[in-house]
Amino acid sequence: MRILHTMLRVGDLDKSIAFYTDIMGMKLLRTSENTEYQYTLAFVGYGEEKDEAVLELTYNWGTDRYDLGTAYGHIAIEADDIYAMCEQIRAAGGKVTREPGPVKGGTTVIAFVEDPDGYKIELIAKKDAGKGLGE
């Protein structure tokens with residue numbers, strides 16, 4: 001068994017696809033539209049679905065925003081250089097909510113950014129990916 005995808009409901013599919021592909025460096029893998037139930041799906045990721053987990057961006061026609069609630073945490077993405085990645089995101093109009101640096105009480109270098117819908121994305125320095133945050 002393996003994780004296939006994580007679904008995020010988005011208010012502007014084109015804006016979300018642009019964020020994840022142009023800014024975060026993912027590829028648009030496939031899209032589908034369901035006219036009967038009025039939604040469009042876009043799958044994005046760093047690799048093919050047969051090999052890696054991806055994100056499913058779901059746009060429910062006519063819904064432009066969602067209450068994210070308090071249970072959702074974040075998506076974590078490994079980055080070669082999170083300092084440069086945060087600058088790239090900021091330069092493209094993205095929102096950096098925590099500047100790169102060591103996690104409190106540890107040495108793992110992290111940063112946080114938000115996508116167009118406010119979903120949190122944790123960037124973890126490649127050298128630290130897969131370690132516990134306190135290491």
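**E56, H74, E122 and strand β8**

E56 counts as buried because its relative accessibility is 11%, which falls under the 20% cut-off for that word. This residue belongs to a predicted model, and E56 sits in strand β4, which covers residues 54-60. According to an unreviewed UniProt entry, E56, H74 and E122 carry the feature "binding site", and of these residues H74 is included in the lining of the largest pocket.

**Surroundings of E56 and H74**

- Not counting residues up to four places away in sequence, E56 touches H5, T6, M7 and L8, and also L41, A42 and F43.
- H74 is found in the loop that runs between β4 and β5, and H74 counts as partly exposed because its relative accessibility is 39%.
- When neighbours within four places in sequence are left aside, H74 is in contact with F112, K120, I121 and E122.
- The side chains of H74 and E122 make a polar contact with each other, at 2.9 Å.

**Strand β8 and its partners**

- Strand β8 spans residues 120-125 and is mostly covered, since five of its six residues are buried.
- On the parallel side of its pairing, β8 is joined over five bridges to strand β5, residues 75-79, and here A76 stands opposite E122.
- Strand β7, residues 109-114, pairs with β8 in the antiparallel sense, again over five bridges, and I124 in β8 is the bridge partner of I110.
- β7 and β8 form a hairpin with five residues between them, and in the turn G118 has a positive phi of about 95°.

Key
Residues are numbered from 1 along each chain as its sequence is written. This is a predicted model: local features need pLDDT of at least 70, side-chain atom pairs count only at pLDDT 80 or more; totals for chains, interfaces and linings use all residues. Side-chain values use heavy atoms; hydrogens and water are left out. Buried means under 20% relative accessible area, exposed over 50%, partly exposed in between (1.4 Å probe, protein chains only). Helices (H or I, at least four residues) and strands (E, at least two) are DSSP runs, numbered from the N terminus. Two strands pair if DSSP finds at least two bridges between them. UniProt positions are given in the numbering used here, feature names are shortened, and annotations may be inferred rather than shown by experiment. On a 1 Å grid over the protein atoms alone, a cavity is a set of points where a 1.4 Å probe fits but cannot get out, and a pocket is an open set with protein on both sides within 12 Å along at least five of seven lines; lining residues have an atom within 4 Å of a point. Contact means heavy atoms within 4.5 Å. A polar contact is a pair of N or O atoms within 3.5 Å; within protein, one must be able to donate a hydrogen and the other to accept it, and residues adjacent in sequence count only if both atoms are side-chain atoms.
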